[in-house]
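Colleague: I would like to learn how to read a few features here. Where do we start?

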Amino acid sequence: MSVRPIVLLGDPRLRLKGLPVESFGRFLHGLLDDMTETMRHAPGVGLAAPQVGEALQACVIEVGDRLYELMNPRIVRAAGDDRDLEGCLSLPGFYAYVTRREKVWVVAQNRHGKKIKVSGSGLLGRALQHELDHLDGKLFIDYLESMDELIPIGADEDGVEGADTEKAARALA
Ligand code: ZN
């Protein structure tokens, strides 16, 4: 396992749509292991393959000591709305309030190609939506009307240290 460089905003690879994962062998397992190590090292709660330069429909999420490895994931059901702070490892140093669905149900495949189902609300629900967006080349800033809505780390909207920032620091994905 190794920590890979994270692709940052401005790199066109972040905007590529991930290709479906069709091979569940050694290459994929090595990629997933590296993505998990890279996510933990950052640290963050999720990481998508395009963020390490691989245009594949694969992502990892770790919330509440549970690691999810999702290939070819898709949202099959969603409920409610939730507005909260969100950050991205590909855009370090900034957060923004993003409205997401409150709970989502996802169908995916695990590292062996077996069909799995994951549902989540709160941080897990947000991470699922954030990572699935990455697989479509979409970033959380695409939901903002203006880049002025970005909040620098260590400051709330008034430019003062705020508890919200600490919360958002756990939501990097
Ligand atoms: Zn991200």
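Modeller: With disulfides, meaning cysteine sulfur pairs within 2.5 Å. By this rule the count is zero. First, the ground rules: this is a predicted model, where local features need pLDDT of at least 70, side-chain atom pairs count only at pLDDT 80 or more, and totals for chains, interfaces and linings use all residues. Residues are numbered from 1 along each chain as its sequence is written, and side-chain values use heavy atoms, with hydrogens and water left out.

Colleague: Why does C59 form no bond with C88?

Modeller: The closest cysteine sulfur to that of C59 is in C88, 13 Å away, too far for a bond. C59 is buried at 0% relative accessibility (buried is under 20% relative accessible area, exposed over 50%, partly exposed in between; 1.4 Å probe, protein chains only).

Colleague: Which atoms coordinate the zinc ion?

Modeller: Donors are N, O and S atoms within 2.8 Å of the metal (3.2 Å for Na, K and Ca); water is not among the atoms, so sites may look incomplete. Here they are C88 (SG), H130 (NE2), H134 (NE2) and A173 (O), at 2.0 to 2.3 Å.

Colleague: What is the arrangement of the four donor atoms?

Modeller: Four donors count as tetrahedral if all angles lie between 85 and 135 degrees; four count as square planar if opposite donors are over 155 degrees apart and all others between 65 and 115. Around the zinc ion the angles are 89 to 139°, so the arrangement is irregular. Both H130 and A173 are buried.

How values were computed
Tetrahedral: all angles 85-135°; square planar, octahedral: opposite > 155°, others 65-115°.
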